[in-house]
Amino acid sequence: MNKFKFLSVALFASASVLHAQDINEVKKQIDAEQFQKAKTSLKSIIKSNPSEGKAFFLLGNIYLNQSVIDSAKISYDEGLKAKDNAHFNSIGLGQIDLEKKDLAAAKAKFDAAKAQMRKKDFEEYIYIAKAYMDNSYPDYKAALAVLAQAKEKNPTEPQVLLALGDAFYGDKNQNEAFSAYRSAFQADNTLIRAKMQLGVLLKGAKAYQEAVAAYNEVIALSPNYGPVYRELAQTYYYWALNAPGRYDQYIKQALTFYEKYMSLTDYSLASRMRHADFLILAKDYKALEIEANKMKELDNVNPRIFRYLGYAAYENGHIDEAISSLEQYINNPANKIISLDYVYLGQAKIKKGTNAEDTAVDPALYAEGISFIKKGVELEPSVADGLGELGKKYYEKKMFKEAAAILEIATSYKESKSFLLDNFYLGNAIYFANAGKPVAERDMESLKKADAAYANVLEASPDTVDAYISRARTNSLLEDDQAMIKYYQEYIDRITAKGAEELAKPAVKTKLIEAYNTMGAGYANFDKAKAIEHFNKTLAIDPTNKYSLQSLKSLQ
C-alpha cells in the first residue's frame, strides 16, 4: 500500500513537472510572437489537463492581444473554475475591465489575484503590471507601483526587471528603462527580449544606425528570434521617413525584414493583419491588396479585412470597391472605427464625385466626402497631415472652392510638415474663389479664413514677402482699407530692405505698382493727400501707368 501511494505521488509529481514544462514552452512561444503555435499548445494542455488555470489565462491573453475580447473572457471565466492557478484569470478579467475604463472593478480583481499569492510569488505582479500597460488606456504609473512591490520581494528576478523596463519605457523614462533592460539581460542572458529592447530605446531616440547594430547583436545570439526582425522593419521604416534620399532603399529593407518576421512567427489571420497594418505604413498598396485577399480566403467574414480591401482598392484606383468595402466596415456597429477609415472613405467619395478630367465635381458626393474626412480628423488630428497634397491637386485644376474645403482641414493640424505651405495654398484658394466677384457675392467668412491662413504663414516665416501681397489682396476683397494698406506697406518695406538689385526685377516692379495703386485707391476714401502720394510713387516706376494717371486726374 505504501509502495502504491509512493508511486502515485511520484506519477503526480512527474505530471505536474511535465505540465509546468509545457507552460514554460508556451511562454517562450508567446515571447517569440508565435501566437498561433501558442494557442494550439494551450488548447492541447487544456484538453489534457483542464485543471491548469494558467493555460486558460495565457490563452485568454492571446485572444485579448488579438482584440478578440469575447473569446478572452470565455477563456478567463473557464480558467476561474480550474483547480490550479485559477486566480491568474482574475487578472485577465481585470484587464477587460480596464478596457471598459472600470478601474475600481479591475483593482478588485487584481487584489483578489494577489490575495492568492504565496510569499515568494512574483508572476502575478508582472501580469497585473502588463494589464495596466497593454490595454487601450495604459497607466504606466500604476504598472510601476505594482512592479515596485515585485522588486521589493525579488530585486534580481530577470522577468521583474524586464517588466520594469517596459513600464519605464512607457512612462518615457529612458534612463531607468535602459538600466532595467540591461540588468535583466545581465541576470539572464537567455532573456533575448531584454537585449532587443536596448535597440528599441535607440530607435526611439532616432539613433537608427545604432539601433540596427544593437539588433544585429541580438541576431548573432538568436538568429531565429522573430520579434527582432519586426523591430528592424520598424526601424528602417522610421529611418526612411527621416532620410528622404534613401526612402526607397530603406522601405525595401523594412518590408524584407517584416517578411522575415512573418516567416519566423506565423501566417495566421492575426499575423496577416499586423502585416497589413505595416504595409499601410510603408504605403505598399499592391502588396496590401494581395495580403487582404489572402486574409479573405482564410476568413471571409472577418470585418477588419474590409478595411484593408478598402484602403488598397482606393490607392490602386478601384474606387467603387473602396467605397463598398469601407462602407461595409464602417456601417457595422460592432467594428471599432479608426480615423483612417473615415479619411479613406471620404477621399474615395471625393474621387467618385470628380469627373475624369478633374475639372468638375458632383456637389453632393464632394460634400459627403469632406464630411467623412472631417470625422476622421476629429478622431485623430494627425491624419490631416498629407491632405494638403489632395487639396493642391484641385488648386492646380483651378477648382479653388473644392481645394479650399480640403486645405482648411489640412491646416487644422498645426504639427503637419506642410503646415505653412498648406496655409499659403488655402489663402490663395479662397482668394481666387472670390476674386472678380461683386461684393454681394463674395464669401466674407471664407475670406476671413484666408486672412488667418496668411497670418499663420507670416507668424512662422515673416520673410515670406509674397504672403504680405496676398494678405493685402484678401483684405482688399474684404473692403478693409486699413488692413490692406498695412500689408502692402509691409511688403514694400521688406522688399526695399533687400536692396536695389531686388527692386529692379520686373516681377517686383509689377507688385510695387499693384501695391501703390491699390493703396492709393484705399487712401482716396479718407486721405486725399496720401492717395496722390501713392499714385505718384507708381508713376515714378511706370510714368505711363494709365490707372495712376486717371486716378490723379479725378483727385485734382
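Me: In this predicted model, are α11 and α12 roughly parallel or antiparallel to each other?
Reply: Two packed helices are described by the angle between their axes and the distance between the axes. Helix α11 (residues 192-204) and helix α12 (residues 208-221) meet at an angle of about 170°, and their axes are 7 Å apart. Angles over 145 degrees count as roughly antiparallel. Therefore α11 and α12 are roughly antiparallel.

Me: How do the residues of the contact of α11 with α12 divide into nonpolar, polar and charged?
Reply: From α11, the contact uses residues including Ile192, Met196, Val200 and Leu202. From α12, Tyr208, Ala211, Ala214 and Leu221 are among them. Lys195 of α11 and Glu210 of α12 also take part. The division is 10 nonpolar, one polar and four charged.

Me: How many aromatic pairs does a search of the whole structure find, and how are the rings of tyrosine 311 and tyrosine 344 arranged?
Reply: The search finds 26 aromatic pairs. Tyrosine 311 and tyrosine 344 form one of them, at 4.3 Å centre to centre with 20° between the planes. Planes under 30 degrees apart count as stacked. The arrangement of tyrosine 311 and tyrosine 344 is stacked.

Me: Which helices hold tyrosine 311 and tyrosine 344?
Reply: Both tyrosine 311 and tyrosine 344 are buried. They are 33 residues apart, and their pair links distant parts of the chain. Tyrosine 311 belongs to helix α17 (residues 304-315), and tyrosine 344 to helix α19 (residues 339-352).

Me: Which ring has lysine 260 over its face?
Reply: Start with a cluster that ring pairs link together; Tyr208, Tyr229 and Trp239 are among its members. One of these rings, Tyr229, also has a charged partner. Lysine 260 lies at 5.6 Å from the ring centre, over the face of tyrosine 229.

Me: What sits over the ring of tyrosine 261?
Reply: Look for a charged group facing the ring. The distance to the ring centre is 5.7 Å. The group is the charged end of arginine 230.

Me: What is the phi of lysine 101, and is this lysine buried or exposed?
Reply: Most residues other than glycine have a negative phi. Lysine 101 is not a glycine, yet its phi is positive, about 65°. It is found in the loop between α5 (88-99) and α6 (103-115). With a relative accessible area of 56%, over the 50% cut-off, lysine 101 is exposed.

Me: Where is lysine 172, and what is its relative accessible area?
Reply: Lysine 172 has a positive phi of about 65°, although it is not a glycine. Its place is the loop between α9 (158-170) and α10 (174-187). Lysine 172 is exposed, and its relative accessible area is 70%.

Me: Which residues are in contact with aspartate 31, leaving aside its neighbours within four places in sequence?
Reply: Aspartate 31 lies in helix α1 (residues 2-31). It is partly exposed, at 27% relative accessible area. Leaving aside neighbours within four places in sequence, its contacts are Arg193, Tyr225 and Pro227.

Me: Does glutamate 33 count as buried or exposed?
Reply: Glutamate 33 is in the loop between α1 and α2 (35-48). Not counting residues up to four places away in sequence, it touches residues including Arg193, Arg230, Tyr261 and Arg274. Its relative accessibility is 8%, and the cut-off for buried is under 20%. So glutamate 33 counts as buried.

Technical notes
Residues are numbered from 1 along each chain as its sequence is written. This is a predicted model: local features need pLDDT of at least 70, side-chain atom pairs count only at pLDDT 80 or more; totals for chains, interfaces and linings use all residues. Side-chain values use heavy atoms; hydrogens and water are left out. Axes are lines fitted to C-alpha atoms, for helices over the stretch in contact, and angles run from 0 to 180 degrees between N-to-C directions. Helices (H or I, at least four residues) and strands (E, at least two) are DSSP runs, numbered from the N terminus. Angles under 35 degrees count as roughly parallel, over 145 as roughly antiparallel, 65 to 115 as roughly perpendicular and the rest as oblique. Contact means heavy atoms within 4.5 Å. Ala, Val, Leu, Ile, Met, Phe, Trp, Tyr, Cys and Pro count as nonpolar, Asp, Glu, Lys and Arg as charged, and the others, Gly among them, as polar. Rings of Phe, Tyr and Trp (its six-membered ring) pair if their centres lie within 6.5 Å; planes under 30 degrees apart count as stacked, over 60 as edge-to-face and the rest as tilted. Buried means under 20% relative accessible area, exposed over 50%, partly exposed in between (1.4 Å probe, protein chains only). A charge sits over a ring if NZ of Lys or CZ of Arg is within 6 Å of the ring centre and within 35 degrees of the ring normal.
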